[in-house]
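Work through the exercises below with the sequence and the structure open beside you. Try each task before you read its solution.

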Amino acid sequence: MPPSGTLIPADAPFSAAQEAWLAGFIAGIAAAGRRDAAAGDAPAATVDVLFGTQTGNAELLAGELVAGARARGLGATALALDAVTPERLAAMSHVLVVTSTYGEGEMPDNAGLFWEALQADTAPRLEGLRYSVLGLGDQGYDDFCQAAKLIDTRLEQLGATRLHDRVDCDVDFEEPAGVWTAAVLELIAAETGASGGEGRAEPGAEAPARTRSPWNKRNPYPSRLAVNRLLSAPGSAKEIRHFEFDLGDSGITYTAGDALAVVPVNDDALIGTLLEHLGASGDEEVDGRPLVEVLRTGREIRTPSKELIADLVERAPSSDLAAVVAHGDRSDLDSWLWGRDVLDLLRDAGSAAPGLAELLPLLRPLQARQYSISSSPLAHPDRIHLTVASVRYANALRRYEGVASTYLADRTAEGTAVGVHLQPNASFGVPADDDAPIVMIGPGTGIAPFRGFLHERAARGASGRNWLFFGDQHRATDFVYEDELTALRERGVLTELDLAFSRDQAEKIYVQTRMRERSRELYAWLEDGAYVYVCGDASRMAKDVEAALLGVIGEQRGRGEDDAAEYLADLRRAKRYVRDVY
C-alpha cells in the first residue's frame, strides 16, 4: 500500500509494485520542494565576525557588522577570537576580524589564546577562507594596531585570501570603520549572490553588541556633576575622590562593568605658561577659534605626541631628548618621558623648538578619559558613579596635574555640566548566573567596578558568594568605601574580604600575597565555578596577580606549570577570568 498522505487515488489501476515506485517518486518530489523552499530562506553565505576587545569598541563594531550582514541577506555570527580554534576557523568561508591592540603591541585579553594557536606550527592551512581585518588603535603608540597587523599577516601566510585590504583606525575610528564595513559587506554580498533581506543568526552566535547611544565622543552628554567627595583620609599620599554624574533625560542606560568617558578641559594655568613660552597672547585665531580655546579643549598639551618627539629630535640633535632617542632603547625613552609634558620638551629643545605655527599640527586632539563605573544601575539608575585618583606630582622646577582627574577634582564644582559618554564593556560584567561565585581583585581605584558588582548582586538578590581582594598603602587613610564594605559583609553580600595594606608593616603585603595565603580556598572556589575579575594597573599589578593565580592553580593541582597555564586558559575561554586593566 502507498504511504499515508500520498496523492495516488485508492482505485488507481496500478500494481502493488507500481504503486510503491510511484509513491516514492512523489515523496521525492515533495522532499525536493521542501529543500528548495528551505534553500530559498537560507542566507547566501555566513559571515563570521571575530572580535578582540579590551574596552568594548571592537565588540560594538562586531555587533554592527552582524546587523549589516543580516540586512544584506547574509547569515552572521559574532564571536570573541578566543572562542575560535584554528580548526573551526578553517571551516569558515568569510571572516571579518575586528581587533584592538593592548599595551605595547599585545593582543587584547580575549584574543591571546587565538593568536597563540594561530601562530603555532600545527595551525591548519586556510585556502578556503576569505577575510579582511579592521584594527583599532592609537597612533600615539609605536605599535599602532599591531594586533591587527599580526593577524592579517598570519592569515595570509596560512593561505587565506584577503578580500579587502586591512584598515587601521586611530582613536577617531567611526568614519574609517564605517567605510570599511560597507565595503567588505558589499564585496561579500556581491560574490555570494546575496539579494538583501534579513539574514539569520547561526547557532552558537553571540548576540550583537548594544546599539550606539546618540551621546558619543563627538556629541557628549552635558551631565550635571552631582557629587564630588573626597574618599581618602587626611595624611594619605593619595587623593581618591567619589564622583556622581546625573543622567537626567539623556536616556543613557549602563551596566555594572561599563566605563564612562569624561571629556576634560586643560588647565588654564598650564595654558598660560605654554602661551608665555611661545610668545603668544592666546587671542590668535586658529580655524576660526581663539588659540586659548583651542588649547583648552582641542589639543593634548600634557602627553607629547610621537610626531612632536620626532620633530624635536630633528630640530635639536644635541638635546637630552635626542640623546635618549639615539640610545635606541624604548624603555629608556619611556623612563625619560615619564612625568614630562609638552612644555618640558619645548624647553629642552631651547631655541630650536618649533614656534606656534609649527607646533599646533604636532599636538594630538584632546581625548576623553575613560573610568570604570563604580555603581550599579539597579541601585542607582539615574546616576553614574566614578572612583578617581587625582594625579598630582612635582619636581624641583614645576608642579604637574592630571588632565581629567584634577579637572574633576578642582575645576568642576557640583552642579557644573561635564561632557560624558558611555563606553560599554560587555566582556566585563556580573555573571548572568546569580548562583555563580565571583572573586574580585582590585587594589586602589581598581575597586571601582567591584563596588558596582556588589551593589548589583545585592539588588538582584543573588545567592552566589562574593570574595573581594582589596589593598592600598595604609588602612587608616586609604581604605575607601570601608563603611559600605563593612555593611555588605554584615548583610552577607560580601562573603570574603581580604585586605592588603602594603605599608602598615615592615614587609610589604599586596593582594597577590593574600591570594597565595589563601591558595586552598581560592582554588576550591575556582573548582566550584567561580568567575575571577581583575581591575587596576596593567604594567605591574595585573601581571603579578596573574602570576599568583597561576601559582595557586599549580600548587593545588600539582601537575606542573603547563597544566596550570592550560587551566587558566580554559577559564579565559569560558569568560571566567576577565580583566579591566589600564
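The structure shown here is a predicted model. Among contacts in the chain with a separation of 6 or more, 77% are accounted for by residues 24 or more positions apart.

**Exercise 1. The chain as a whole**

Task: State how many helices and strands the chain has, and what percentage of its residues count as buried.

Solution: Begin with the secondary structure, where the chain has 21 helices and 21 strands. Next, turn to burial: of the 582 residues of the chain, 50% count as buried. Finally, consider the surface, of which the chain exposes about 26400 Å², with carbon and sulfur atoms supplying 50% of that area.

**Exercise 2. Helices α7 and α12**

Task: Decide how α7 and α12 are oriented: roughly parallel or roughly antiparallel?

Solution: First locate the two helices, since α7 covers residues 268-278 and α12 covers residues 342-349. They pack at an angle of about 20 degrees, with their axes 10 Å apart. Because angles under 35 degrees count as roughly parallel, α7 is roughly parallel to α12. The handedness can then be added, for the crossing of α7 and α12 is left-handed. Looking at the residues themselves, L270, T273, L274, H277 and L278 in α7 meet L343, L346 and R347 in α12. Sorted by class, this contact of α7 with α12 has five nonpolar, two polar and one charged residues.

**Exercise 3. The surroundings of α12**

Task: Find which residues of α12 are buried, and which elements those buried residues pack against.

Solution: The residues to mark are V342, L343, D344, L345, L346 and A349, which are the buried residues of α12. Six of the eight residues of α12 are buried, so this helix is largely enclosed by the rest of the structure. The buried residues of α12 pack against α7, α9, α10, α11, α13 (356-359) and β15 (399-401).

**Exercise 4. Two contacts made by α10**

Task: Describe how α10 is oriented to α9 and to α11, and list the residues that make each contact.

Solution: Take α9 (306-315) and α10 (320-327) to begin with. The angle between α9 and α10 is about 105 degrees, and their axes are 9 Å apart. Since angles from 65 to 115 degrees count as roughly perpendicular, α9 is roughly perpendicular to α10. The contact is made by I309, L312 and V313 of α9 together with L321, A322 and V325 of α10. These residues divide into six nonpolar, no polar and no charged.

Now move to α11 (330-337). The axes of α10 and α11 come within 7 Å and cross at roughly 155 degrees. An angle over 145 degrees counts as roughly antiparallel, and therefore α10 is roughly antiparallel to α11. The crossing of α10 and α11 is right-handed. On the side of α10, the residues D320, L321, V324, V325 and H327 meet D332, L333, W336 and L337 in α11. By class, the contact of α10 with α11 has six nonpolar, one polar and two charged residues.

**Exercise 5. Two residues with positive phi**

Task: For D287 and Y481, decide whether each counts as buried or exposed.

Solution: Start with D287, which is placed in the loop between β10 (285-286) and β11 (289-290). Its phi is near 50 degrees, a positive value in a residue other than glycine. D287 has a relative accessibility of 75% and counts as exposed, because the cut-off for exposed is over 50%.

Continue with Y481, which lies in the loop between α16 (475-478) and α17 (482-490). Phi of Y481 is near 60 degrees, again a positive value in a residue other than glycine. At 7% relative accessibility, Y481 counts as buried, because buried means under 20%.

**Exercise 6. Two loop residues and their contacts**

Task: Which residues do P124 and C145 touch, leaving aside those up to four places away in sequence?

Solution: P124 sits in the loop between α4 (112-118) and β4 (130-136), and its relative accessible area of 23% makes it partly exposed. The contacts of P124 are with P86, E87, A90 and L158. P86 is 38 residues from P124 along the chain, yet their C-alpha atoms are separated by 6.6 Å.

C145 lies in the loop between β4 and α5 (146-157), and at 1% relative accessibility C145 counts as buried. The residues that C145 touches are T101, G135, L136, G137, D168 and C169.

Note on methods: Residues are numbered from 1 along each chain as its sequence is written. This is a predicted model: local features need pLDDT of at least 70, side-chain atom pairs count only at pLDDT 80 or more; totals for chains, interfaces and linings use all residues. Side-chain values use heavy atoms; hydrogens and water are left out. Helices (H or I, at least four residues) and strands (E, at least two) are DSSP runs, numbered from the N terminus. Buried means under 20% relative accessible area, exposed over 50%, partly exposed in between (1.4 Å probe, protein chains only). Contact means heavy atoms within 4.5 Å. Accessible areas come from the Shrake-Rupley method with a 1.4 Å probe; for residues, only the protein chains shown count as cover. Axes are lines fitted to C-alpha atoms, for helices over the stretch in contact, and angles run from 0 to 180 degrees between N-to-C directions. A crossing is left-handed if the near helix is turned anticlockwise from the far one by less than a right angle, and right-handed if clockwise. Ala, Val, Leu, Ile, Met, Phe, Trp, Tyr, Cys and Pro count as nonpolar, Asp, Glu, Lys and Arg as charged, and the others, Gly among them, as polar.
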